[in-house]
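Let's take a friendly walk through this structure together. Keep the sequence and the 3D view side by side as you read.

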Amino acid sequence: SLIAIGFHYSAALPVLLIYFFRKILSIKYSITIYLILLSFSIFLYKINIAPILISLAPGKFDVYVEFIQNTSLIKIVVYNLFIVVLIIFQKQYIKAKSDLILLNFLFIGVLILNVFADFIPVTRLSYYFFIFIIDF
């Protein structure tokens, strides 16, 4: 991520999350909490909260409020099913706290993808979190 910051300032988000929220990211949450948050992100997409959140963001993100382009439904479904499977079977592959942090990072990426599905430039932010799929 530190190298990516040199290319685009939005890459600082994962670094800041690790730095400030490491303790929260290393907590093992129940399956229910994950599923509630996942459902809530889909609900936020359905009520179209993304334009409001984008307009509140610092920098040039407010330009994207007018730029509406949908993310592929197949992509959204695949990522959501993938994270649900990982959450359900997390006992099989979470061996260390670092694995849990990676799972939670991946989960954050899916939440970003769900909420901002109509704004492809903003969903690119979720790619910084999807890179952790390599570990699983």
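Of the 136 residues in the chain, 38% are buried; here buried means under 20% relative accessible area, exposed means over 50%, and partly exposed lies in between (1.4 Å probe, protein chains only). This is a predicted model, in which local features need pLDDT of at least 70 and side-chain atom pairs count only at pLDDT 80 or more, while totals for chains, interfaces and linings use all residues. Residues are numbered from 1 along each chain as its sequence is written, and side-chain values use heavy atoms, with hydrogens and water left out.

How far does the predictor trust its model? The chain has a mean pLDDT of 83, and 82% of its residues reach 70 or more; pLDDT is the predictor's confidence in each residue, from 0 to 100. Confidence is lowest in helix H1 (residues 2-5), where the mean is 58, and highest in H3, where it is 95.

As for the fold, the chain has nine helices and zero strands, which reads along the sequence as α-α-α-α-α-α-α-α-α. These elements are DSSP runs numbered from the N terminus (helices are H or I with at least four residues, strands are E with at least two).

Now turn to helix H2, where Pro14 has its place. Pro14 counts as buried because its relative accessible area is 1%. Its C-alpha is 9.8 Å from that of Ile108, although the two residues are 94 apart in sequence.

The largest pocket holds about 680 Å³ of space. It is lined by 27 residues, and the closest to its centre are Leu13, Leu17, Ile108, Leu111 and Ile112. The elements that give two or more residues to this lining are H2, H3, helix H4 (50-56) and helix H7 (97-115). A pocket, on a 1 Å grid over the protein atoms alone, is an open set of points where a 1.4 Å probe fits, with protein on both sides within 12 Å along at least five of seven lines; lining residues have an atom within 4 Å of a point. Grid points are joined across faces, edges and corners, and the volume is the space filled by probe spheres set on the points.

Next, look at the surface. Leu16, Tyr19, Phe20, Phe21, Ile24 and Ile27 make a nonpolar patch of about 650 Å². Such a patch joins nonpolar side chains (Val, Leu, Ile, Met, Phe, Trp, Tyr) within 5 Å, from residues with over 30% relative accessible area and no salt bridge, that is, no side-chain nitrogen of Lys or Arg within 4 Å of a carboxyl oxygen of Asp or Glu. Ile27 sits in the loop between helix H2 (12-25) and helix H3 (31-46), and is partly exposed because its relative accessibility is 38%.

Following H3 brings you to Tyr45, which is partly exposed at 27% relative accessible area. The C-alpha atoms of Tyr45 and Phe116 are separated by 6.8 Å, with their positions 71 residues apart along the chain.

In the loop between H3 and H4 lies Asn48, which has a positive phi of about 60 degrees although it is not a glycine. Most residues other than glycine have a negative phi. Asn48 is partly exposed, at 43%.

How values were computed. Patches are made of residues with over 30% relative accessible area and no salt bridge: like charges are joined within 9 Å, nonpolar side chains (Val, Leu, Ile, Met, Phe, Trp, Tyr) within 5 Å. Accessible areas come from the Shrake-Rupley method with a 1.4 Å probe; for residues, only the protein chains shown count as cover.
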